[in-house]
Amino acid sequence: MATLAEFRAQYPQYDSVPDVKLADSLHQKFYSQIPKMDFYKTIGLSPAALIPGGESNITLPKQETSVQDKLMGLIETPAIIAGNVGRMVTTPLARMYGEARGGYGTPQGKAAGEAMAKTVSDQFYQPRTESGPEYVRSVGGVLETLPPTLGATGSTLNALIGPAAQQTRAIVRPAVQQATAPAQNVLAKVMTREQPQMQGMGAASTAEQAMREERLQRFNIPATAGQRTKNLSQQQFESEAERGVLTGIPEDTKTKLAEQMGSFKANQKQQIVNNFERMTAEVGAEVADPTQVRQVGKIVDKALNDEYTKKYDAYKALYAKADTAGETLQPVPYQSLLDFINSKTPTQRQKLDPILDSVAESLAMNDPGKTGTITVRALEDIYQQIGKVQNSANAKDLKQIITQMGEGAGGELYQAARTARKQLAKEFEDVSRVDKLLGTKAGYTDRRVALDDVFKHVVLDGSLEEMRTVTTLLKKSGPEGQKAYRELQGQNIQHMKELLTKGDQLSFKNLNTLVTQLDAEDKLAYMFGKPGRDQILDLRDAIKDVVVAQPGAVNYSNTSGAVLRGLETLESLRVPGAGTAAQAARTREVSKKLTEALKQPNQLAPASKNRNALAK
């Protein structure tokens with residue numbers, strides 16, 4: 001049977017019962033299992049209340065609070081406050097989730113919501129004394145005490161001292177553990193709007209995590225628990241730890257945990273960078289680096305120019321033999337060349353493309369008798385004259401006409417020289433990508449493509465076919481050209497690294513844009529082969545695993561954050577022992593949680609027998 005003290009603690013608003021009807025209502029609602037007379041006697045209500053007309057102004061008698069109750073009320077005050085904080089935070093969310101499951105706006109939904117709210121509320125600490133709630137109310141009204149349920153009848157000092165002292169030593173046990181453990185799933189589902197899981201999705205999620213872990217360990221990239229599992233609440237906790245905004249712990253602990261997380265992220269970044277360095281070494285690049293793009297340009301430029309010079313000298317040697325043998329003295333008609341020049345307007349000839357009039361003048365000088373023919377040697381000189389002009393709109397057509405004029409002229413030596421000359425033009429002069437790398441701007445000493453832009457010109461700009469015209473020359477031009485090609489491969493990998501690491505934070509977006517573009521144009525497979533291409537894509541995905549967080553992971557507080565902010569409010573109320581105990585327990589909790597989050601799983605990936613997948 002409940003004592004008067006317990007009844008008054010449960011319903012302090014009923015210190016005075018104005019009439020017997022209210023007493024009857026209380027009896028019917030809470031104590032219908034005992035005789036009404038016994039109920040009246042137990043609560044101290046005079047039996048006169050049963051006499052008609054004698055029920056007016058009946059007052060429940062006040063009982064003096066014992067010293068024992070006052071002492072135990074003081075002991076359990078921190079526990080009551082902490083329980084109420086958790087109850088205030090979780091109960092509305094539980095009600096929301098329950099109603100969502102039962103159907104918003106329906107009687108069934110409302111009933112389900114109330115049932116869920118009661119289940120969660122009952123998880124928290126309940127007062128065992130009459131004076132405890134009074135102390136809580138006297139603290140200042142910052143936290144409103146919810147109506148507690150009746151405790152065990154006849155609670156004694158021995159029964160209360162254990163749990164109450166435990167609450168005082170570790171205030172977060174009822175607040176954090178009871179708030180987060182029973183209600184954590186409710187909170188997570190409500191705040192993340194989690195949908196009911198489809199059949200088989202659990203297995204799929206596990207398989208995806210296993211793939212992530214295998215991929216990360218294959219590239220030796222450490223990852224946090226949140227990054228491996230993609231669990232939103234875990235990522236929220238890790239984000240708050242990294243930013244030093246975890247609640248309920250001292251400032252120096254926040255700083256220490258932020259530094260711990262920062263150190264882990266720095267090591268993670270270094271391991272990612274190490275993969276780019278490893279791949280650069282695998283392709284055989286020795287110079288490639290974001291700071292050495294000009295040096296790489298010089299290597300490529302030298303290799304191309306050396307190859308051009310070698311083939312040009314070979315052609316000139318064949319021509320010299322033909323000239324010595326007299327084969328270049330044979331006359332050839334030039335009317336077709338003159339007709340092309342005369343088809344152009346005076347403006348085109350004099351202002352837009354002066355090379356036209358220059359060629360006409362050369363023809364006249366080499367045919368003073370106006371025979372309509374000039375020697376093969378003179379024709380070759382005119383060809384060289386045209387070749388020196390880089391920005392002529394008509395140079396290509398002029399050179400083609402001259403080539404046709406020389407068909408069948410001279411002897412075998414001259415024809416061999418012509419064949420070498422045609423091949424030289426085909427590989428170097430008639431290909432825009434190559435020609436621009438070799439030449440300089442007309443009238444200037446500046447290069448048409450700056451050395452700093454050679455990598456961009458060859459690899460990033462233009463199509464795969466245009467890139468192939470340059471790289472094919474390099475790969476066929478001996479050790480020097482092959483080294484230049486390897487440096488282009490390495491610079492490509494270094495450019496990926498630069499896009500990822502440029503700035504304070506790793507930029508997966510920039511890296512992904514480049515890799516996606518190169519792969520769509522088949523440049524990755526061309527430069528690194530299929531195994532190398534697959535390795536780059538896998539590394540891209542592994543970086544995404546650790547860089548790209550779940551939506552809401554950065555700005556949203558972790559599940560117990562609201563409860564712990566309530567505990568920080570308690571510290572300002574100066575409840576004896578609450579602040580220190582709360583911080584100590586919370587510090588232990590988050591420190592352990594972060595340590596566990598940074599542990600790495602067992603090695604899953606088999607040892608690779610040949611890591612050099614990019615060499616091609």
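## Tyr-312 and its aromatic neighbours

In this predicted model, Tyr-312 has a relative accessible area of 24%, and because the partly exposed class runs between 20% and 50%, Tyr-312 is counted as partly exposed. The ring of Tyr-312 forms an aromatic pair with the ring of Tyr-308, and this pair is stacked, with 6.0 Å from centre to centre and 20 degrees between the planes. Both tyrosines belong to helix H13, which covers residues 293-324, and they are 4 residues apart, or about one turn of the helix.

A search of the whole structure finds 5 aromatic pairs. Ring pairs link Tyr-308 and Tyr-312 with Tyr-315, Tyr-319, Tyr-414 and Phe-428 into a cluster.

## Charged side chains over rings

One member of that cluster, Tyr-315, also has a charged partner, since Arg-421 lies over the face of its ring at 5.4 Å from the ring centre. An arrangement of this kind is also found at Tyr-485, where Lys-475 lies over the face of the ring, 4.9 Å from its centre.

## The nonpolar cores

The largest nonpolar core contains 55 residues, and the residues with the most contacts inside it are Phe-276, Leu-474, Leu-488 and Met-496. Helix H25, made of residues 523-547, gives the most to this core, contributing 10 residues. Apart from this core lies another one, of 29 residues, which includes Tyr-315, Leu-356, Ile-386 and Ala-395.

What is Leu-488 in contact with, once its neighbours within four places in sequence are left aside? Its partners are Val-296, Val-300, Phe-455, Val-458, Val-459, Leu-474 and Met-527.

## Helix H23 and the residue after it

Helix H23 runs over residues 478-501, and its length can be checked with a short calculation. At 1.5 Å a residue, its 24 residues should span 34 Å, because the expected span is 1.5 Å times one less than the number of residues. The C-alpha atoms at the two ends are 35 Å apart, which agrees with that expectation. Just after H23, Gly-503 takes a positive phi of about 115 degrees.

## Ala-597 and its distant partners in sequence

Ala-597 is placed in helix H27, which covers residues 578-598. Is Ala-597 buried or exposed? Its relative accessibility is 2%, and because buried means under 20%, Ala-597 counts as buried.

Ala-597 and Ala-223 are 374 residues apart in sequence, yet their C-alpha atoms are 8.7 Å apart in space. When residues up to four places away in sequence are not counted, Ala-597 touches Ala-223, Thr-224, Ala-225, Arg-228, Gln-234 and Glu-238.

Conventions. Residues are numbered from 1 along each chain as its sequence is written. This is a predicted model: local features need pLDDT of at least 70, side-chain atom pairs count only at pLDDT 80 or more; totals for chains, interfaces and linings use all residues. Side-chain values use heavy atoms; hydrogens and water are left out. Rings of Phe, Tyr and Trp (its six-membered ring) pair if their centres lie within 6.5 Å; planes under 30 degrees apart count as stacked, over 60 as edge-to-face and the rest as tilted. Buried means under 20% relative accessible area, exposed over 50%, partly exposed in between (1.4 Å probe, protein chains only). A charge sits over a ring if NZ of Lys or CZ of Arg is within 6 Å of the ring centre and within 35 degrees of the ring normal. A nonpolar core is a set of buried Ala, Val, Leu, Ile, Met, Phe, Trp, Tyr and Cys residues joined through side-chain atoms within 4.5 Å. Contact means heavy atoms within 4.5 Å.
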